[in-house]
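Here is a short tour of one model, from its internal space to its ligand site and charged pairs. Please keep the viewer open as you read.

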Amino acid sequence: MSVKQYIHPRNKYKQPPDYKQLAVMYPEFREIAIMDFTGKVRIDFKKKKSLHVLTETLLKHDFDLHVNIPADNLNPAIPLRLNYILWIEDLMTHSKLEMDKVTGIDIGTGAVCIYALLLAKIHKCQMLGTEVNMKSIEHAKQCIERNKLQDLIKIITVKSDRIFKDVVQDGKAYDFSMCNPPFFESEDDGFEKISKVLPPRNAPTGNDKELKTEGGEIGFVMKMIEESVEVKDRIKIYSTMIGKKADLVNLKRLLNLKGIKNMTWTEFCQGHTTRWGLAWSFLSQNIVNLTTAPVIRKRGKSIVQSLKNYKTSIIFPIDDKFSCIDDIINFLQATTKELNIKLQDVPISEDSFNGWACQITARERSWEHMRRKRRLVQQIALKRAKGEDGKCTAVNKCAEGTSVNREEGMKKLNEESYNKELPDKDVPLLVCKLWVETGSSDDSQNIIMQSHEIFRIWMVFENGYGGLDALHSLRQYLINKLEIKEKILNNQSKFKKKIKKLKNKKSLL
Ligand SMILES: C[S@@+](CC[C@H](N)C(=O)[O-])C[C@H]1O[C@@H](n2cnc3c(N)ncnc32)[C@H](O)[C@@H]1O
């Protein structure tokens, strides 16, 4: 499957640029173009100069923008920048805002103020670029003047320990903010780190000042989120690009911790690199609902599907009660604690699974006791109610002694099942892994274009004398406790048939 299929559908670089045509039209491009013996024109991506010339040529050819990228500055690769801009367009349209009327902020606009230039040129957006580096600011201003976009773009200098506070102090409101944050920790040598892992496909570009920040990318975006809580809806939609999937997962958790549920994320796929976009808003979902905004997410086969052990799942739609993975994690942690089930987090490699995993070990069918306990309490309440009506005094008598009877009953019940269930106290009843992930309700698609999101809790059997029967009974308990019986999207008839078949063969327990 081509990587290009995940690029935004309106991104013109879905089709690679025609290098031959560019070489014919632009002498500076001709200088870096290489023609092979078949007559095919290519460029050397390992040369910094070639990357800069390619970007300058594409800006000129496709957008009528005239810039020169300083030799020691970051090369703003256009297909990625365009993917981000197209997502901003989607978010604005989804929020019923017209692109030619919106005002945006580009945090850390850089020496070429690339996002501001493109948005002003394509849509006539009013843009404010913020920057800490004086040299970049000077160069960005030259780019704006050269392209006669002074009426649409303004650049301001900000202090390096602030993100929005210097920007919105004049009381002005903005429709969106965007940012390509500095990626590396101040202490890191990012380039060295990258080149140690992989021989780079493209020459690294950019200097320490524009690429490094205290706390790295995650530190920068955390500060952005903190400040956004103060600035609130003076910016309608906050957004940022993210370079590492692990950072995306942690930042989504931070938003959730702050109670910011009106959020979304997407993938920017172009060629060999993937980046992510995260957006959030403090506006009510009646005004701007990011949770239903268009997104592009590669389906990617999660590693759970390739696991050999028997597995079943609970699939249900995301709603207000369970709106993000953290809600499910909290639910599972609380429920297993209540049931005296051991739960241990399972570390997972960041690229193979976009979710959370744990291993649980149950020594007894504590969930069944819970169920019986609940039924008993319900029965007692019913009996009491009948007694209060005066219709059933005999039962009422029985209800008077309920607490004693109930405790005794439960003790007996526990003893009975303990003796029955634990043939060897060292062998657990059930060990299984739980994998929690989000996905789309339409499994037939490779790309998720709209966030009709669902939760999938995979239950993967590991061992235990309770066998698949225990796994299935715990699954049922979780469904009841989640109160999703009516909403569940996968029915278990196949599973039940399989259990029945296995039981008949006496291969269970
Ligand atoms: C990775 S570069 C992105 C440049 C450009 N936006 C792009 O996408 O090519 C990050 C930029 O953020 C700037 N920067 C760092 N801290 C900042 C802050 N607190 N406020 C605004 N800009 C900052 C850096 O100087 C650098 O130019």
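## The lining of the largest cavity

Seven nonpolar and two polar residues line the largest cavity, with no charged residues in the lining. The model is a predicted one, so it is worth having these side chains on screen while you look at the list: L332, T335, T336, L339, I341, I360, L434, L474 and L478.

Where does the largest share of this lining come from? It comes from α12, which gives three residues. Helix α12 spans 325-338, and along with α16 (467-482) it is one of the elements that each supply at least two lining residues.

## How much space is enclosed

Rolling a probe the size of a water molecule over the atoms shows where empty space is left. Counting cavities of 30 Å³ or more gives two in this model. The largest cavity holds about 40 Å³ of space.

## Around the ligand

Now turn to the ligand, which has 21 residues around it. Of these, R81, G108, E131, R162 and N180 come nearest. Sorted by class, the shell is made up of nine nonpolar, six polar and six charged residues.

Some polar contacts are worth displaying one by one. On the side-chain part, a polar atom of E131 sits 2.5 Å from an oxygen atom of the ligand. The backbone takes part too: a backbone N or O atom of T109 is 3.4 Å from a ligand nitrogen atom, and a backbone N or O atom of S160 is 3.2 Å from a nitrogen atom of the ligand.

How much of the ligand's accessible area does the protein cover? On its own the ligand has 590 Å² of accessible area, and the protein covers 97% of that. Three elements give two or more residues to the shell: α5 (114-123), β4 (126-131) and α8 (208-211).

## Charged pairs

Side chains of opposite charge can pair when their charged atoms come close. The count of salt bridges in this model comes to 17. One of them joins the side chains of E89 and R10, with an N to O distance of 3.0 Å.

Why does this pair tie together parts that are apart in sequence? E89 belongs to helix α4 (residues 78-94), whereas R10 is in the segment before α1 (19-25), so the salt bridge links parts that are 79 residues apart in sequence.

Definitions and conventions
Residues are numbered from 1 along each chain as its sequence is written. This is a predicted model: local features need pLDDT of at least 70, side-chain atom pairs count only at pLDDT 80 or more; totals for chains, interfaces and linings use all residues. Side-chain values use heavy atoms; hydrogens and water are left out. A residue is near a molecule or strand if one of its heavy atoms lies within 4 Å of it. A polar contact is a pair of N or O atoms within 3.5 Å; within protein, one must be able to donate a hydrogen and the other to accept it, and residues adjacent in sequence count only if both atoms are side-chain atoms. Accessible areas come from the Shrake-Rupley method with a 1.4 Å probe; for residues, only the protein chains shown count as cover. Helices (H or I, at least four residues) and strands (E, at least two) are DSSP runs, numbered from the N terminus. Ala, Val, Leu, Ile, Met, Phe, Trp, Tyr, Cys and Pro count as nonpolar, Asp, Glu, Lys and Arg as charged, and the others, Gly among them, as polar. On a 1 Å grid over the protein atoms alone, a cavity is a set of points where a 1.4 Å probe fits but cannot get out, and a pocket is an open set with protein on both sides within 12 Å along at least five of seven lines; lining residues have an atom within 4 Å of a point. Grid points are joined across faces, edges and corners, and a volume is the space filled by probe spheres set on the points. A salt bridge is a side-chain nitrogen of Lys or Arg within 4 Å of a carboxyl oxygen of Asp or Glu.
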